[in-house]
Amino acid sequence: MSLTPFFAGLVNLGFVLLISPLFMTVVKKVKARAQRRAGPPLLQGYYNLAKLFRKEVVYSDYASFISRIAPYASLAILMVATLLVPVIWIPDAAPAEGNIIVFLYLLAFTRFLLALLGLDAGSTFGGMGSSREMSLSAVIEPTTVVVFAVMAYVAGTLSIPEMFRHATTIIPGMSPTALLLAVSLFILIIVETGRVPVDNPETHLELTMIHEGMLLDTSGRNLALFELSHAVKQTLLMALLINMLIPFGIIQEVSIVGLVLAALLFLLKGTALSVLLGIVESSFAKMRFFRVPNLFMLAFFFSALTILSEVMI
Amino acid sequence: MTEIGVIPSLLRICLILVLISAACLLTTRNLSSLVRTYALQSLILVAIAILLGVIEQKNILLLIAGITLASKVIGIPWFITVIQKRIRIQQDLKFSYLQPGGALVVSILLILLVYLCFSRVLHDLVTQNSLFFLGSIIGVSLMLMGLIAIFSRQLAITKVIGYLSMENGVLLFGLFVTELPFITEFVIMVDLIILVLLTTILTVGMDSSIDAYMNRLKEFHLWSEEEVQA
Amino acid sequence: MIDLFIPAVFFFLIASAIPVYLTGIRAWQCCSLLQGLAGVFTVLASASVLLRYTGGELLSTSLTPLFPVILGVDRLTAAFTILLGILTVAVCCYSPDYISRMHGGRSRDLLCSLIPIFLAAMLLVLLSRTTFAFLLFWEVMAISSFFLVLIEYEDEKTRRAAFFYLAMTQLSTVCIFLAIIQVYLATGSFSFPAGMLLSTLPGLLAFLLFFLGIAIKAGVIPFHKWLPYAHPAASSPVSALMSGMMLNTALYMLLRTVTGFFTPDLSAGLLILAFGCITAVLGVMYALKEDDLKGLLAYSSIDNTGVILIGTGLFVVLTATSHTSIGTMALLGAVFHAVSHGLFKGLLFLTAGSVNQATGTRNIDELGGLLVRMPWTGGLFFIGVLAISALPPLNGFAGELLIYQALITGLMQSEPLMQVVLVIALSLFGLTGALTAVCFVKAFGLTFLALPRTQAAKQAREVPTLMLAGPAILAVGCILVGIFSSQILGVLGYPGYLPDLLLISLLLTGALGITCAAVYTFASRETRISITWGCGMQDPTSRMEYTGSGFTEPVVRIFAPVYRTRISFSKEYHDPERCFVRTGTAKIELMKFFEEYLYLPVARLIDSYGETVSKLQNGKVDTYVLYVFVTIVVLIVIMGWLA
């Protein structure tokens, strides 16, 4: 048994864990610049994590084992999900055998645990965040499944490394499918990471709170683990979008130079996508909660149109 | 998917963008964005006409593109914006028969239905030139989505824009399937202008101009002095 | 080892006889021991069949020369009998303590003695190889389950639920009866037919009647209305068996029908797929609205029936369009999901029964904070909730993954029209998966987490160990079947259909270990138990928590066209001019759509028809002689003109 898949998995995991806080901070910086503020320094994400890990955790006396285990479980699940999505290097044998539906349901698992954590807090805000997050995830799920089905249809396979490998072999063509897929995946990133116009990730106010409400009662290292999980989830979804549409630079045979180059290219592409995310966030206002399903219907229209364009053309 | 040339790919992208703009027309509630979407849709139509003209080497298509640009991208939206400033309505909130989500689902089913029926009727076009087949389907779908906009929205302005988008659909269908002589295009354009004028008349009253209308409102103390001057 | 089935049936019968003569907890424990033994025999026998690829006939008797009763087993049967065995063992660990904590005197003995009969009837249904045997044991199963639902007959609601259930199950038996008669007329024998065509009228009629009968029994919408009444009204072990096994028996028959009796036909497959999609989506939507814990689980059973129907429909559609390997994947998904559903639904019902007995209520809005008071029950319920929400790597996920893969692979290889159908099915399937997760976050979170909402919940105590052992067996089953799913499929002869979930679970545990170790080493280790922020309130009470209807209110508003609510209010005034209000009531209720528009009109129609017909029997002898006279005259005419 060769060690290459193991090594590839480790490299992938380390790289994603390292750059995720950077992408989050880039988005915050772009939004701050749009508001004519200076914004945080680029390494602020790492400083925040370091600070939070040093603080103590406070549990309420009625909190159950969910509050204690959910942060670790959430990061562990996302680490396994990272093994399924090769970011800079596609080895011949994948470190973990899984397909895109396994990836989708691993993300659903993290969301499930987070929702239970929100309810465990016993406060109204936690319940509200929990209820809204699960409701919105239910409405976006058909769109997500259809988008993933389109990706599988275009690549001819369900396994994510194979999809990326297929994407490297074709010229990023000017087909309507690629355009629609890009838009659908972008909307998916916004929804799954809870950004404007679905939710505002920077405030904890009742009007704008879906994701943050569930984290209100966590503190210290638990909060650090959740912040890291959120950042890793965003990076994984961005990797899906980038590697399906502009995969140049991703390597299939290992070499130190190739790895460094691929890492730098991904950093560049990821930063560009984060800047785009920040610009989109600054251009819209957060939608009223019951108007968000309309946005999701539009996203579903896009994904259905993608299938139709594949069928009809 | 087989390798296709650059211009047919661009054409396909434009056709899909037309459908997306029609979907936005069905769901948006803000009147100014409605007019902007219609202007965008006509602009995409201009691009389609130019690309088709380049493929088919027909100059008449370029002329049609020019006329569409002048009338539908610049003229009519400006006209409607002027009316809108006078009437001061910002939003169109009520939907009848179909909520925006349901309208989108129905339009997907309609596109499918049109595809199925046309693939039975126009066999030869399917095999011969799939691009033209796609264009004809999207033209008819655009027409149907314009009809949905007409019956499901409340305000007259929105209905007018729905009708205009129907005309866009007819134009698109004509570009791809038939030989569209110049005269027909001219007639359609006059049609449109009459419609827009009718709308103005409906809003301000049969017997008056916009000035008299404003005077009446001033008389009933519905508008203050400065707004009337503006 | 196949022969162990017969002793199992005998043990069931003996076990049912014991509580009739003896009473008290010793009798119940003895009965349960025999049942457990029978369950173990069933499991061993089924496992030997599954591993060996061949079945064989067991027993062949005839009550009369015309009506043969043949029992036999093959791998499809064995998949369901192994589930029966595991459920038997779990229920028999659970029931003695449960029954001793129930109220009611002699009826408890009746409950204890009827459960083995019910189990034996289901086992014999699964084992039957002739249509006559199937019908005989199906009726025994239906009647015994009716009495089981009726055990707590003092409650008016239980009586109504039981009679509704009886009416619907007899309707299902009538349909199956007619289908079997049709098959006998077409093939001339009572053994299971093979390869009947749906294009001929007899075949079509037989299929439709079979499907109707099975749909009523399995709870397919719109024939589902009895299920949310009957399953909560029964006591918990019975609900577990009814939801976990009886629905699966009906679905087993459907699977046998489409794999053996009839050749796969495209329109039949589309029919099954359409019913499956509607059932899955509407089932979980109605589950979201329930506040009764067992009612929620009952509607969720309807949703899972829909999922299994989707798998079956996919199998038929894909086989009819000659994509056989993908069709096999869909069929495996349906069978796997049926078995998994039995396991986790049984687990959920048993633990819900424990909660009910510990607190005295089933209403979610009166529970809360039970996880710290009943940690083992809560933990087992948590595993059940993880399994039913299809979260990796448990068994619910494996079944749904097979169906997802079949849908997407079918999408990649079909022609355009079929692709459209598959995309619609795919989006509805995704929707039900997500809504199930919402539903069970509500069920687990509001029942077990945060603060207790009533005094009863505050005083809940953990149930006895044996009552935990039963669900624990099922929980372990859920986890193991999920983790080793691809290995199980490989042993059964279908390698490569599933990605290796064992590796994923090992990676998950490894990652969890690494995270815990890393945080323990590098981060601060201090923990404090104190008051958290909690919106700044000084004294956290349970009144601040979300209620059940509040939790699902966003979904209800988003899908408002499905949930039809009716708002009605009435006011009483002090004065005749109606200015001063004295009292008023306002009611927002969920319109029971199917009851008011389908069931009640049909019932009224049958009522009025019955009244009209009953006028024919007016009691006077003269009228009856007149009828005889008219009949003879008509017969003479027929003989004259038509013979």
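## A predicted model of a complex with chains A, B and C

Within chain B, the predictor's confidence is highest in helix 2 (residues 31-56), where the mean is 88, and lowest in helix 10 (residues 225-229), where the mean is 49. The whole model is predicted, and these values are pLDDT scores, which express the predictor's confidence in each residue on a range from 0 to 100. Where pLDDT is low, the predicted coordinates should not be read in detail. For chain B as a whole the mean pLDDT is 77, with 77% of the residues reaching 70 or more, while chain C has a mean of 88, with 98% of its residues reaching 70 or more. For the complex, the predictor gives an ipTM of 0.93 and a pTM of 0.89.

### Where chains A and C meet

The contact between these two chains takes 67 residues from chain A and 66 residues from chain C. On the side of chain A that touches chain C, at least two residues each come from strand 1 (57-59), helix 3 (65-84), helix 4 (100-120), helix 5 (124-155), helix 8 (220-245) and helix 10 (292-312) of chain A. Helix 5 of chain A gives the most to this side, with 19 residues. Sorted by class, the side of chain A that touches chain C holds 43 nonpolar, 14 polar and 10 charged residues.

Strand 1 of chain A also pairs across the two chains, since 3 bridges join it to strand 3 (residues 527-529) of chain C, and the two strands run parallel. Within this pairing, Tyr59(A) has Ile529(C), in strand 3 of chain C, as its bridge partner.

### Two covered helices

Helix 8 of chain A has 26 residues, which at 1.5 Å a residue should span 38 Å, and the distance between its end C-alpha atoms, 38 Å, agrees with this. Of these 26 residues, 24 are buried, so helix 8 of chain A is largely enclosed by the rest of the structure. In chain C, helix 4 (residues 106-127) has 22 residues and reaches 32 Å from its first C-alpha to its last, close to the 32 Å expected at 1.5 Å a residue. Helix 4 of chain C is mostly covered as well, with 18 of its 22 residues buried.

### A buried leucine in chain B

Why does Leu142(B) count as buried? Leu142(B) has 29 C-beta neighbours inside 10 Å, and a residue is buried if 20 or more other C-beta atoms lie within that distance of its own. Leu142(B) belongs to helix 6 (residues 130-152) of chain B. Apart from its neighbours within four places in sequence, Leu142(B) is in contact with Val18(B), Ala22(B), Ser165(B), Asn168(B), Gly169(B) and Leu172(B). Leu63(B), by comparison, stands 79 residues away from Leu142(B) along the chain, and the C-alpha atoms of the two are separated by 23 Å.

### Domains and an open strand pair in chain C

Chain C is divided into domain 1 (264-513 + 547-563) and domain 2 (593-642), and the C-alpha centres of these two domains of chain C lie 48 Å apart. Strand 4 (residues 565-573) and strand 5 of chain C pair in the antiparallel sense over 9 bridges, with Lys571(C) standing opposite Gly584(C) of strand 5. Strand 5 (residues 581-590) of chain C lies largely in the open, because the number buried among its 10 residues is 0.

### Backbone features in the loops

Most residues other than glycine have a negative phi, and most peptide bonds are trans. The table lists some departures from this general pattern, each with its backbone angle.

| Residue or bond | Feature | Angle |
|---|---|---|
| Val196(A) and Pro197(A) | cis peptide bond | omega about 5° |
| Pro392(C) and Pro393(C) | cis peptide bond | omega about -5° |
| Ser322(C) | positive phi, not a glycine | phi about 60° |
| Ala450(C) | positive phi, not a glycine | phi about 60° |

Pro197(A) is found in the loop between helix 7 (176-192) and helix 8 of chain A, and Pro393(C) lies in the loop between helix 14 (375-388) and helix 15 (395-413) of chain C. Ser322(C) sits in the loop between helix 11 (293-320) and helix 12 (324-359) of chain C, whereas Ala450(C) is placed in the loop between helix 16 (416-448) and helix 17 (455-458) of chain C. Are these two residues, Ser322(C) and Ala450(C), buried or exposed? Ser322(C) is exposed, with 8 other C-beta atoms within 10 Å, but Ala450(C) is buried, with 28 other C-beta atoms within 10 Å.

Terms used:
Residues numbered from 1 in each chain as written. Chains lettered and ligands numbered in written order. Predicted model: local features only at pLDDT ≥ 70, side-chain atom pairs only at ≥ 80, totals over all residues. Helix = DSSP H or I, 4+ residues; strand = E, 2+ residues; numbered from the N terminus. Expected span 1.5 Å × (residues − 1). Buried ≥ 20, exposed ≤ 12 C-beta atoms within 10 Å, placed from the backbone. Contact = placed C-beta atoms within 7 Å. Nonpolar A, V, L, I, M, F, W, Y, C, P; charged D, E, K, R; others polar. Pairing = 2+ DSSP bridges. Domains from an automatic or database assignment.
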